[in-house]
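Reader: I should like to go through this structure and ask what supports each term applied to it.

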Amino acid sequence: MSVTEMTRAVRGSNSATQKVMLETAAATRLLESEGILDYSGHVSTRIPGREAFVIQIGSTSRAEVTPESMLVVDYDGKVLEGDGQPPSELPIHLEILRARPDVQSVLHSHMELAIAFTMMEGVKLLPMRARASRWKSGIPTDPDPSHIKLPEQGRALARTLGPHHAVLMRAHGLCLVAESAQALFVDAVHFKENATAQMQALQAGAKPIPLSEAEIAQIEKMEMREWHIKKLWNYYVRKALDEEVLPQAWRDELVPTKEMLKRDRML
Ligand SMILES: [Zn+2]
């Protein structure tokens, strides 16, 4: 029995829900494995065709999340399916998903490196590495350092995020938003690489030189985001399967086929 069949038998959900649950569970484990999530932080992903999204149970270890343990939650915060309580910071996901119809998946993480950039006078996190062109519109910082448990806090955070793809949270963490759980994971890897690069420049005592507008325009000309996401997803999923971060039973449904990894163009 495949993971999908197994999950369907347990939960009676439709296949779109199963796919989103599996990808979100896998992204969560990969993020934990890459040091982007730890004992807390979470990922939510919309379910296509339903007025609902999936998110893990708040108390489940980020290293052990499974599709079967995910919750289906509506945009009023009501748990429709699953047995458990969502994370206490659910308003982050509710309010960002409400405010941003273009966003399919939201990450909230307490990445130390990102938090450092909310605690240094006169220093702003900037796009340094090529892949950080994703954040060319800006990386705002929300001023509320507390846990985001109230709807009004979530709405304020969504307002700070605005049309951007990332928001830092003063002395607390960050949120990233993307078009899928896979894209969100890949963005998080690059977000960490970029913050590392800027911190290394600062630690070397140098003045960081962020990407210029002209450099970003050139990078974007060469960008193949969809293919790049598939390539990195393939790399990290395979590595995680080998290292037993992901169960072998998930392999067939997570690893892209050769056909999917074919480039149909160079630009
Ligand atoms: Zn938090």
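Reader: Why is the site of the zinc ion called tetrahedral?

Author: The model is a predicted one. The angles among the four donor atoms of the zinc ion run from 88 to 129°. Four donors count as tetrahedral if all angles lie between 85 and 135 degrees. The values fall inside those limits, and the site of the zinc ion is therefore tetrahedral.

Reader: What makes a residue a protein donor of the zinc ion, and which residues are the donors?

Author: A donor is an N, O or S atom within 2.8 Å of the metal. Glu 89 contributes OE, while His 108, His 110 and His 172 each contribute NE2, at 2.0 to 2.1 Å from the zinc ion. These distances are within the limit, so the four residues are named as donors. Along the sequence their spacing is E-x18-H-x1-H-x61-H.

Reader: Why can Glu 89 and His 172 be said to tie parts of the chain together?

Author: Glu 89 belongs to the loop between strand 4 (79–81) and helix 3 (90–99), and His 172 to the loop between strand 7 (166–169) and strand 8 (173–178). The pair therefore ties together parts that are 83 residues apart in sequence.

Reader: Are Glu 89 and His 172 buried or exposed?

Author: Buried means under 20% relative accessible area. Glu 89 has 3% and is therefore buried. His 172 has 6%, so the same term applies to His 172.

Reader: What is the order of the strands in the sheet, and which strands stand at its edges?

Author: Eight strands form an open sheet with mixed pairing, in the order 4-3-2-1-5-8-7-6. Strand 4 and strand 6 (141–142) are at the edges. Each has a single partner strand, so one side of each lacks a neighbour in the sheet.

Reader: How do you know that strand 5 pairs with strand 8?

Author: Two strands pair if at least two bridges are found between them. Strand 5 (residues 105–109) and strand 8 are joined by five bridges, so they satisfy the criterion; they run antiparallel. Val 106 is opposite Val 177 of strand 8.

Reader: Which strands pair with strand 1, and over how many bridges?

Author: Strand 1 pairs with strand 5 over four bridges, in the antiparallel sense. Ser 44 has Val 106 of strand 5 as its bridge partner. Strand 1 also pairs with strand 2 in the antiparallel sense, over three bridges, and Arg 46 stands opposite Phe 53 in strand 2. The hairpin of strand 1 and strand 2 has five residues between the strands, and there Gly 49 takes a positive phi near 80°.

Reader: Why is strand 1 described as largely enclosed?

Author: Five of the five residues of strand 1 are buried, so the strand is largely enclosed by the rest of the structure. His 42, Ser 44 and Arg 46 point one way, whereas Val 43 and Thr 45 point the other way. In a regular strand the side chains alternate between the two faces of the sheet.

Reader: What makes helix 3 mostly covered, and what does helix 3 touch?

Author: Eight of the 10 residues of helix 3 are buried, among them Leu 90, Ile 92 and Glu 95. Helix 3 packs on the sheet and touches strand 1, strand 2, strand 3, strand 5, strand 7 and strand 8.

Reader: Why are helix 2 and helix 8 called roughly perpendicular?

Author: Helix 2 (residues 15–33) and helix 8 (residues 225–242) pack at about 75°, with their axes 11 Å apart. Angles of 65 to 115 degrees count as roughly perpendicular, and the two helices are therefore placed in that class. Glu 23, Ala 26, Ala 27 and Leu 30 of helix 2 make the contact with Trp 233, Tyr 236, Val 237 and Ala 240 of helix 8.

Reader: Why is Ala 171 called partly exposed, but Glu 244 exposed?

Author: Exposed means over 50% relative accessible area, and partly exposed lies between that value and the 20% below which a residue is buried. Ala 171, in the loop between strand 7 and strand 8, has 40% and is therefore partly exposed. Glu 244, in the loop between helix 8 and helix 9 (251–254), has 68% and is therefore exposed. Neither residue is a glycine, yet phi is positive in Ala 171, near 60°, and in Glu 244, about 60°.

Definitions and conventions: Residues numbered from 1 in each chain as written. Predicted model: local features only at pLDDT ≥ 70, side-chain atom pairs only at ≥ 80, totals over all residues. Heavy atoms only, no water. Donors = N, O, S within 2.8 Å, 3.2 Å for Na, K, Ca; no water. Tetrahedral: all angles 85-135°; square planar, octahedral: opposite > 155°, others 65-115°. Buried < 20%, exposed > 50% of the residue type's maximum accessible area, 1.4 Å probe, protein only. Contact = heavy atoms within 4.5 Å. Axes fitted to C-alpha atoms, helices over the stretch in contact; angles between N-to-C directions. Parallel < 35°, antiparallel > 145°, perpendicular 65-115°, else oblique.
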